[in-house]
Amino acid sequence: QVQLEESGGGLVQPGESLRLSCTASRATLDYYIIGWFRQVPGKEREGISCIRTSDGSSGYGDSVMGRFTISRDNAKNTVYLQMNNLYPDDTAVYYCAALVRQIGFTPIKTMCRMGTKYDYWGQGTQVTVSS
């Protein structure tokens with residue numbers, strides 16, 4: 001059963017914006033954290049942002065801080081990633097993932113990087129930034 005589905009990827013020019021959506025088949029409040037990751041072939045997967053569904057607390061990776069904003073709409077079972085001022089280096093497949101339970105007292109920014117702990121993953125959406 002598909003738990004998470006990403007949408008909103010595409011081809012844009014440097015400096016432009018995109019908004020990715022991650023829609024869950026269950027209530028987003030059923031998950032503790034939903035995060036966004038990205039991966040380029042031949043490189044390690046990078047955790048770029050995540051959000052705690054209960055209170056909206058969020059974290060960001062250094063490479064996207066100040067340009068990307070994560071948000072959630074629990075009524076729509078959807079988490080968004082607003083990406084502004086995109087760079088060619090942002091080109092990647094973007095995945096959303098869900099963590100079901102809290103892991104100790106790990107700070108949320110750290111949780112955003114702990115991809116191996118997440119329980120469910122979407123299929124990914126391609127983002128290409130090129131002139």
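Ser-21 touches Glu-5, Glu-6, Ser-7, Trp-36, Thr-78, Val-79 and Tyr-80, leaving out residues up to four places away in sequence. Touching, or contact, means heavy atoms within 4.5 Å. Ser-21 sits in strand β3. Its relative accessibility is 13%, so Ser-21 counts as buried. Buried means under 20% relative accessible area, exposed means over 50%, and partly exposed lies in between (1.4 Å probe, protein chains only).

This is a predicted model, in which local features need pLDDT of at least 70 and side-chain atom pairs count only at pLDDT 80 or more, while totals for chains, interfaces and linings use all residues. Residues are numbered from 1 along each chain as its sequence is written, and side-chain values use heavy atoms, without hydrogens and water.

**Overall build**

The protein has one helix and 11 strands. Along the sequence they run β-β-β-β-β-β-β-β-β-α-β-β. Helices (H or I, at least four residues) and strands (E, at least two) are DSSP runs, numbered from the N terminus.

The C-alpha trace spans about 40 × 25 × 25 Å along its principal axes. The radius of gyration is 14 Å, which agrees with the value near 14 Å for a compact globule of 131 residues. That radius is taken over C-alpha atoms, and the globule rule is 2.2 Å times the number of residues to the power 0.38.

Buried residues make up 40% of the 131 residues. Among contacts with a separation of 6 or more, 60% join residues 24 or more positions apart.

**The cores**

In soluble globular proteins, nonpolar side chains tend to be buried together. Here the largest nonpolar core has 25 residues, and Trp-36, Phe-68, Leu-81, Met-83 and Tyr-94 touch the most other members. Strands β3 (18-24), β4, β5, β7 (68-73), β8 (78-83), β9 (92-99) and β11 (125-129) each give two or more residues to this core. Another core, of 10 residues, lies apart from it and includes Ala-97, Leu-99, Cys-112 and Tyr-118. A nonpolar core is a set of buried Ala, Val, Leu, Ile, Met, Phe, Trp, Tyr and Cys residues joined through side-chain atoms within 4.5 Å.

Tyr-94 has a long list of partners. Not counting residues up to four places away in sequence, they include Glu-6, Leu-20, Trp-36, Phe-37, Arg-38 and Val-127.

Phe-37 belongs to strand β4 (residues 33-39). At 1% relative accessibility, Phe-37 is buried. Its C-alpha atom is 12 Å from that of Val-127, 90 residues apart along the chain.

**Loops**

Thr-53 lies in the loop between β5 (46-52) and β6 (58-60). Thr-53 counts as buried, because its relative accessibility is 2%. Beyond its neighbours within four places in sequence, Thr-53 contacts Thr-28, Leu-29, Tyr-31, Tyr-32, Ile-34, Arg-72 and Asn-74.

Most residues other than glycine have a negative phi. Two asparagines with a positive phi are listed here.

| Residue | Phi | Loop | Relative accessibility |
|---|---|---|---|
| Asn-77 | near 55° | between β7 and β8 | 22%, partly exposed |
| Asn-85 | about 50° | between β8 and β9 | 38%, partly exposed |

**Charge**

The protein has 13 positive and 12 negative side chains, and the centres of the two sets lie 5 Å apart. Lys and Arg count as positive, Asp and Glu as negative; His and the chain ends are not counted. Each charge is placed at NZ of Lys, CZ of Arg, CG of Asp or CD of Glu.
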